[in-house]
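Q: Could you take a close look at the salt bridges in this predicted model? I would like to know which side chains pair up and how exposed the paired residues are.

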Amino acid sequence: MQKGKKGKAKEKEEAKTPYDLIKGMEVTFQLLRGTIIEGIFAGYHLGFFMVTNAEIKGKNNICKTDLVFIHRNQVQHFHLKGEVKPKA
């Protein structure tokens, strides 16, 4: 029975979430009121997205910070950082 318990513990330890796939990658968040946050995705914990080396772009100001926590209810959408091109 000991082997069975260790095997289950190992499976739980290796279980990954979709957020684990993008950890360490550059992401862009758009919040409900239009604020844009760009930075490196650090993880998700207790309802908060964590972004490091973040640049927060509001209507009138830009802020750079080492760490920002974003509540999940404030996010309109987020995606990996991509290349922006004007329409042709």
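**Salt bridges, pair by pair**

A: In this predicted model, Lys64 pairs with Glu55 in a salt bridge whose closest N and O atoms are 3.7 Å apart, and Lys64 is exposed, its relative accessibility being 67%. This pair belongs to a network of salt bridges that links Glu38, Glu55, Lys57 and Lys64.

Within that network, the side chains of Lys57 and Glu38 form a salt bridge with an N to O distance of 3.4 Å. Because Lys57 lies in strand S3 (residues 48-57) and Glu38 in strand S2 (residues 36-45), the pair ties together parts that are 19 residues apart in sequence. Lys57 is partly exposed at 29% relative accessibility, whereas Glu38, with a relative accessible area of 18%, is buried, since the cut-off for buried is under 20%.

Turning to another pair, the side chains of Lys81 and Glu26 meet in a salt bridge at 3.6 Å, N to O. Lys81 is found in the segment after strand S5 (75-80) and Glu26 in strand S1 (residues 26-31), so this salt bridge ties together parts that are 55 residues apart in sequence. Lys81 is partly exposed, with a relative accessible area of 44%, and Glu26 is also partly exposed, with a value of 45%.

For the structure as a whole, a search finds five salt bridges, among them the Lys64 and Glu55 pair, the Lys57 and Glu38 pair and the Lys81 and Glu26 pair.

Definitions and conventions:
Residues are numbered from 1 along each chain as its sequence is written. This is a predicted model: local features need pLDDT of at least 70, side-chain atom pairs count only at pLDDT 80 or more; totals for chains, interfaces and linings use all residues. Side-chain values use heavy atoms; hydrogens and water are left out. A salt bridge is a side-chain nitrogen of Lys or Arg within 4 Å of a carboxyl oxygen of Asp or Glu. Helices (H or I, at least four residues) and strands (E, at least two) are DSSP runs, numbered from the N terminus. Buried means under 20% relative accessible area, exposed over 50%, partly exposed in between (1.4 Å probe, protein chains only).
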